Amino acid sequence: MIYAYYPGCSLHSTASEYDASIKVVFKKLGLELHEVPEWICCGTTPAHSASRVLSAALPIKNLSIVEKENFTEVAVPCAACFQSLKSAVYETGHDEVLKQQVDKVIDYSYQGKVRIRHPLDILTNDVGIDKIKTFVKKPLKGLKIVCYYGCLLTRPPKVVAFDNTEYPETMDEILKVCKADVLDWSYKTDCCGASFALSRTDSVLKLTNLILENAKAIGADAIAVACPLCHANLDTRQDDIYKKYNARYDLPVFYFSQLMGLALGADIKELGLKKHIVDPLKLFKNTGLI
Amino acid sequence: MIKKIFKMKIKIDSGFREEIEKDSGQNVNLCFQCMKCTAGCPMADEMNASPARIVHAIRLGLKDKVLKSNTMWVCASCQTCTTRCPQDIDIAELMEACRHIFFKEALEISDDIKVIPLFYRIALKNIRTFGRMYEVGMIAALKFATREFFKDLKLGVKMGLKGKLKILPESPKNRKEVKKIFDRALEIEGKKL
């Protein structure tokens, strides 16, 4: 199966380890990703805040590029891009005037032939948990993980239609099959402050502190995520949280694909595991994984 | 007490409710003030009017009240309110509609929150120029605009050393089309960045 691939801006910069690890995992499972070379930014929160037409036009432009290349499925690992694309399709599908405006803005009438898929969805529903099991070479035994889904993967359900909105489990299932010790916890879908990372950092510290606190309290060694914004906020702000709240967590934050890649036998370097601010290698050494 | 109420200057703008409803595609009259939106909002304690109050103020056409509250900016767009509303009102979409009016009418904003729309403007200009978000350029532009040169400097250096920051911008061949998309979309809505 070949999927068109829309990495989005973050995966080409701050989240390059997400990009790398997704590619590794897909390759190991025999899935092909074709990156559409002309992809542009989806507009994300700034476009949504400023303009309805723009916030629909940028994602639809990207889907049009995919459609013109005759792909019917596009894999979108970034949760923010994923929701932007889904929401543009939803909005233009429910508003004929907006659809016409977007057609005019991008000089193309998008036919709606492309399905927007998150890798978690592809792995669970196209590959299947049972098949993933057969690829596991290095079980993640002894690694206590909590899965953090954040906001945009499952919300709003009418738009993204993915997993259980309040208590999603696809990531849990995938990491369980990799033999990690996946724990239940209370902050799976609570907000981390997302795009306030630069413009309202104190709010991000407040929210990420709650998330990290709960993860630590239930005994997790690390957090798995599927969104570059969640990753940035949780991984890079732990020093600031220590200064502000006097709480030291030292919890490594992984993209689920990095952990999965490790279980499928990929090495540390190709999974970008040296790019984290909170060093994860100590944890792997302690659990005997490397 | 009654005298006080009569003295209160309340400006009612019934066109405001219609404008918000049209932009968001929502019917605010469905709200029965159950407060679920406010109870689940991770940012509610930083708002000077809760999401439920904003919904009610929109119903009453209290444009000033809505647009002068910090609510629409402090909203993190996490969509929890929208997901949990028993009346299926997309409250996050209402917040967005309020922000759209801000951008259209180029309204004044108080100092403590002005960095949020400023950040959105800088990000959009960045995307318009490069076609993709050039993160380092965006951070630099925000620092120049806010004069906060030392904020997160240590973290920035750390991220740089880990190879997490891409110093040079990446731009697709069709970036001129992106400019066109921006200009046409904003022209339709009569907005400027």
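Here a trainee and a mentor talk through a predicted model.

Trainee: What makes chain A as compact as a globular protein of its length?

Mentor: Start with its make-up: 15 helices and eight strands. Its radius of gyration is 19 Å, and the globule rule gives 19 Å for 290 residues, so chain A is as compact as a globular protein of that length. The C-alpha atoms fill a box of roughly 55 × 45 × 30 Å along the principal axes.

Trainee: How many of the residues of chain A count as buried?

Mentor: The figure is 60% of the 290 residues. The cut-off is 20 or more other C-beta atoms within 10 Å, so a residue that reaches it is called buried.

Trainee: What share of the contacts in chain A joins residues 24 or more positions apart?

Mentor: Take the contacts with a separation of 6 or more. Of these, 78% join residues 24 or more positions apart.

Trainee: Why is S6-S5-S7-S8 of chain A called an open sheet, and which strands are at the edge?

Mentor: Look at the ends of the order. Strand S6 (181-182) and strand S8 (253-255) of chain A each pair on one side only. Those are the edge strands. The pairing in this four-strand sheet is parallel.

Trainee: How do you know that S7 and S8 of chain A pair?

Mentor: Count the bridges. Strand S7 (residues 222-225) and S8 of chain A have three. Pairing needs at least two bridges, so these strands pass. Val225(A) stands opposite Tyr255(A) in S8(A).

Trainee: Which helix packs on the sheet by touching S7 and S8 of chain A?

Mentor: Helix H14 (residues 256-263) of chain A does, at about 75° to S8(A). Helix H9 (residues 170-177) of chain A lies across S5, S6 and S7 of chain A. Its direction is at about 155° to that of S5(A).

Trainee: What makes Leu175(A) stand out in the largest nonpolar core?

Mentor: That core has 156 residues, and Leu175(A) is among those that touch the most other members. Others listed with it include Ile223(A) and Val225(A). Beyond four places in sequence, Leu175(A) is in contact with residues including Ile145(A), Cys147(A), Ala224(A), Phe256(A) and Leu259(A).

Trainee: How many residues of chain A are in contact with chain B?

Mentor: There are 45, and they meet 51 residues of chain B. Helices H2, H3, H5, H10 and H11 of chain A each supply at least two residues of that side.

Trainee: Which kinds of residue make up the side of chain A that touches chain B?

Mentor: It divides into 22 nonpolar, 15 polar and eight charged residues.

Conventions:
Residues numbered from 1 in each chain as written. Chains lettered and ligands numbered in written order. Predicted model: local features only at pLDDT ≥ 70, side-chain atom pairs only at ≥ 80, totals over all residues. Rg over C-alpha atoms; globule rule 2.2 N^0.38 Å. Buried ≥ 20, exposed ≤ 12 C-beta atoms within 10 Å, placed from the backbone. Contact = placed C-beta atoms within 7 Å. Nonpolar A, V, L, I, M, F, W, Y, C, P; charged D, E, K, R; others polar. Axes fitted to C-alpha atoms, helices over the stretch in contact; angles between N-to-C directions. Core = buried A, V, L, I, M, F, W, Y, C linked by C-beta atoms within 7 Å.
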